[in-house]
Structures are given as C-alpha cells and as structure tokens.
Amino acid sequence: MVDPSWNKEGIKVTCQDPCNLVRKGLGDSVADDLRFVIKHVAGEENFVDMWPNKSNNYCCGGGGGYLQSGFVEKRRAFGRIKFDQIQATGADIVVTPCHNCRSQITDIGQVYGGKYQTVHLWSLIVKAMVRKSTATPG
C-alpha cells in the first residue's frame, strides 16, 4: 500500500520518458504506467507533465553512450532542450527510471542552474510506502 500524504507541501513532480524504454522500447503504455505510479505515490494534484511527452518527449541528451563519450560540451548543449522543457513544468522533482537520464538531467540542472532534484522512481515509492505494524496487541 502507498500513501502520497508524505507530500504535504505540494512538491511538484514531473517525469522523463527514457528513449530506450518508451520511444524505442515498450511505447506509450509504459509511459502511462509510469505516470500512474507517480500520481499514486506523489499525489495526482502534484504531477505536472512535460510537453511533448511519452513517445514524442525530447531526449535528455545523455543516452546512446553519449554520457560516457567524453563530448561533455556537446552533450550539455543537446541537453539544453530537455533542461528548458523541465523548467517550463516548474517541477521540484524529475522522476526517471533510467540511470543515463538521471545522470544527464542532474548534470544539466547543475550546469544551467536548475533548482529541481532528479530521482529514480523507487525513491518516491519508498517515501509513499505504508508499513503495517508488526507489534501484537498486548
């Protein structure tokens, strides 16, 4: 069971649709699943979607080995489009299930002055998990 009440301050959350997962992988249905989970763990009213999104979302600029290629300035220049897209949402947190996207979006946020935090999906799931008490009534 998950409960989004940890987000009492109305922290705004958006998501990155990883190219390898959505555009080149499982398609918009997995992007819809990602949004379903985020809305349940962060509160539907706190979700802000990017535009364009899902299969038409912009690449973060770090995939395809680019993150490790050594072409840092070009990678960051390609990532500027993603940075501007994130900034337009006003989100405090960017969720991505992809390690490359997480690293790239964190990097471009630091370089271009973004105030958002980048997290893996499981980070929000853990925040929203509800523990059942294992204590037995005495």
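These are legends for several close-up views of a predicted protein model.

Residues are numbered from 1 along each chain as its sequence is written, and side-chain values use heavy atoms, with hydrogens and water left out. Because the model is predicted, local features need pLDDT of at least 70 and side-chain atom pairs count only at pLDDT 80 or more, while totals for chains, interfaces and linings use all residues.

**View 1. The whole chain, with its five helices and three strands.**
Start with the overall layout: along the sequence, the pattern reads β-α-α-α-β-α-β-α. Helices (H or I, at least four residues) and strands (E, at least two) are DSSP runs, numbered from the N terminus. The C-alpha atoms fill a box of roughly 65 × 30 × 25 Å along the principal axes. Of the 138 residues, 40% count as buried; buried means under 20% relative accessible area, exposed means over 50%, and partly exposed is in between (1.4 Å probe, protein chains only). The accessible surface is about 8,000 Å², and 55% of that belongs to carbon and sulfur atoms. That area comes from the Shrake-Rupley method with a 1.4 Å probe, and for residues, only the protein chains shown count as cover. Among contacts with a separation of 6 or more, 74% are between residues 24 or more positions apart, where contact means heavy atoms within 4.5 Å.

**View 2. Helix 2 meets helix 5.**
Here the axes of helix 2 (residues 28–42) and helix 5 (residues 121–128) come within 9 Å and cross at roughly 35°. Axes are lines fitted to C-alpha atoms, for helices over the stretch in contact, and angles run from 0 to 180 degrees between N-to-C directions. The crossing is left-handed, meaning that the near helix is turned anticlockwise from the far one by less than a right angle (clockwise would be right-handed). Which residues of the two helices make the contact? Helix 2 brings Leu34, Val37, Ile38, Val41 and Ala42, and helix 5 brings Leu121, Leu124, Ile125 and Ala128. By class, that gives nine nonpolar, no polar and no charged residues. Ala, Val, Leu, Ile, Met, Phe, Trp, Tyr, Cys and Pro count as nonpolar, Asp, Glu, Lys and Arg as charged, and the others, Gly among them, as polar.

**View 3. Helix 1 packs against helix 2.**
Helix 1 (residues 19–26) and helix 2 pack at an angle of about 145°, with their axes 7 Å apart. Leu21, Val22 and Leu26 of helix 1 touch Asp28, Ser29, Val30 and Ala31 of helix 2. This contact has five nonpolar, one polar and one charged residues. Also in helix 1 is Asn20, which is exposed, with a relative accessible area of 52%. The C-alpha atoms of Asn20 and Pro97 are 11 Å apart, though 77 residues separate the two along the chain.

**View 4. Helix 4 and what covers it.**
Helix 4 (residues 99–112) has 14 residues and spans 20 Å from its first C-alpha to its last, close to the 20 Å expected at 1.5 Å a residue. The expected span is 1.5 Å times one less than the number of residues. Its buried residues are Asn100, Cys101, Gln104, Ile105, Asp107, Ile108 and Gly109. What covers them includes helix 3 (72–89), strand 2 (93–95) and strand 3 (117–119). Just after helix 4 comes Gly113, with a positive phi near 85°.

**View 5. Lys82, a lysine in helix 3.**
Is Lys82 buried or exposed? Lys82 is buried, with a relative accessible area of 0%. Beyond its neighbours within four places in sequence, Lys82 is in contact with Gln16, Met50, Asn57, Tyr58, Cys59, Cys60, Ile105 and Ile108. Take Met50: it sits 32 residues from Lys82 along the chain, and their C-alpha atoms are separated by 9.7 Å.

**View 6. The loop between helix 2 and helix 3, home of Pro52.**
Most residues other than glycine have a negative phi, and most peptide bonds are trans. In this loop, a cis peptide bond joins Trp51 and Pro52, with omega about -5°. Lys54 lies in the loop too, and has a positive phi of about 55° although it is not a glycine. Lys54 is partly exposed, at 23% relative accessible area. Gln68, also found in this loop, is exposed, at 56%. Gln68 and Asn100 are 32 residues apart in sequence and 9.4 Å apart in space, C-alpha to C-alpha.
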